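Me: Please take me through one helix of this protein in close detail, and then on to whatever surrounds it. I would like one connected account rather than a list.

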Amino acid sequence: MSEELLRVDGIDAAYGQSKILQDVSLSIDRGEVVSLVGRNGAGKTTTLRSIVGILTPSAGTITFEGEDITALSDYETVARGIQYVPEDRQVFPDLTVDENLRMGELKSGGAGALSMSEVFDRFPRLRERRSNSGAQLSGGEQQMLVIARALLGQTDLLLLDEPTEGLAPQIVEDVIEIIETISDEGVTILLVEQNVQAAMSVADRHYVINKGQNVYEGTTEELRNADEILEQHLGVGGEMDLSI
Ligand code: ATP
């Protein structure tokens with residue numbers, strides 16, 4: 001039996017007078033990996049910020065584990081097990097890997113949270129690099145670090161904002177593998193991506209948004225065959241290789 005973990009129901013959101021989201025809805029069952037894809041500026045980050053509570057929707061509701069979290073702050077949603085990894089990676093360049101992780105430890109704990117040693121077991125590359133500064137890490141290692149830092153807190157839902165952005169194809173595959181591993185361990189994931197190939201290689205279902213509105217919802221198989229959606233809203237042409 002599938003159990004709904006998150007439901008975003010008809011939310012509107014704005015920055016001041018700029019209305020960004022209009023009637024955006026999505027739902028995620030526990031254990032799923034779901035993607036939210038769309039072009040640059042479509043409203044993907046704004047949707048994540050609304051779920052986390054950095055931004056409060058002006059209409060609609062957000063329900064998590066059956067409770068209304070629409071008006072909760074980011075501190076309150078973190079305490080409920082929603083971890084957000086923003087697009088800009090937020091690695092402290094002058095701090096070591098160890099210190100960067102300890103910054104995450106400040107919000108650590110809760111059911112299912114990983115300890116530092118469990119994080120290093122999970123990401124041996126970070127253990128090797130633990131004395132290196134954030135600035136010395138590659139883009140892929142930085143992404144690994146921010147995901148690892150999120151997992152130091154109770155993580156029932158992990159929100160990843162464009163984790164593959166700016167990474168070389170080989171490193172994109174490494175990041176996808178990390179997402180698969182985390183998912184296999186039972187964490188529910190909402191993945192925001194502009195890289196639709198990456199999204200299709202790891203997520204079970206997909207929501208496409210454009211100009212702040214839902215335009216499509218489907219499984220990977222359905223999206224793969226939805227040529228018009230791929231071309232019109234995701235800029236993926238017919239000859240494009242959709243395998244990764
Ligand atoms: P990207 O891939 O660029 O991150 P996105 O789909 O995540 O795209 P959003 O970041 O949600 O898009 O932005 C949606 C719209 O909101 C864009 O038009 C953007 O210019 C606008 N926007 C984003 N942040 C702000 C802000 N702080 N103030 C005003 N407008 C904003």
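**One helix and its setting**

Reply: Gly53, with a positive phi near 100°, comes right after helix α1 (helices are DSSP runs of H or I of at least four residues, strands runs of E of at least two, both numbered from the N terminus). Before going further, please note that this is a predicted model, in which local features need pLDDT of at least 70 and side-chain atom pairs count only at pLDDT 80 or more, while totals for chains, interfaces and linings use all residues. Residues are numbered from 1 along each chain as its sequence is written, and side-chain values use heavy atoms, with hydrogens and water left out.

Helix α1 covers residues 44–52, and 7 of its 9 residues are buried (under 20% relative accessible area with a 1.4 Å probe and protein chains only; over 50% is exposed, and in between is partly exposed). Those buried are Lys44, Thr46, Thr47, Leu48, Ser50, Ile51 and Val52.

Thr47 makes a good vantage point within α1. It counts as buried because its relative accessibility is 0%. Setting aside neighbours within four places in sequence, Thr47 is in contact with Leu21, Val24, Leu26, Leu36 and Ile209 (contact means heavy atoms within 4.5 Å). Thr47 and Val192 are 145 residues apart along the chain, yet their C-alpha atoms are separated by 9.5 Å.

Now step back to what α1 lies across: β1 (4–15), β2 and β4, with the helix running at about 115° to β1 (axes are lines fitted to C-alpha atoms, for helices over the stretch in contact, with angles from 0 to 180 degrees between N-to-C directions). These strands belong to an open antiparallel sheet of 4 strands, ordered β2-β1-β4-β5 (two strands pair if DSSP finds at least two bridges between them). Its edges are β2 (18–29) and β5 (67–68), each pairing on one side only. Strand β4 (59–64) is joined to β5 by 2 bridges, and Thr63 has Asp68 of β5 as its bridge partner.

A further open sheet holds 6 strands in the order β6-β7-β8-β3-β9-β10, with mixed pairing. There, β6 (82–85) and β10 (213–219) each have a single partner strand, so one side of each is left without a neighbour in the sheet. Strands β6 and β7 pair in the parallel sense over 4 bridges, and Ile82 stands opposite Leu157 in β7. Helix α6 lies across both β6 and β7, at about 165° to β6, whereas α7 lies across β3 (33–37), β7 and β8, at about 155° to β8.

The largest nonpolar core has 35 residues, and Leu101, Phe123, Leu158 and Ile189 touch the most other members (a core is a set of buried Ala, Val, Leu, Ile, Met, Phe, Trp, Tyr and Cys residues joined through side-chain atoms within 4.5 Å). Helix α6 gives the largest share, 7 residues. Another core, apart from this one, has 28 residues, and Ile51 of our helix is among them, as are Val24, Phe64 and Tyr84.

Finally, the chain is divided into domain 1 (1–81 + 156–168 + 177–236) and domain 2 (91–154), with C-alpha centres 24 Å apart.

Note on methods. Domains from an automatic or database assignment.
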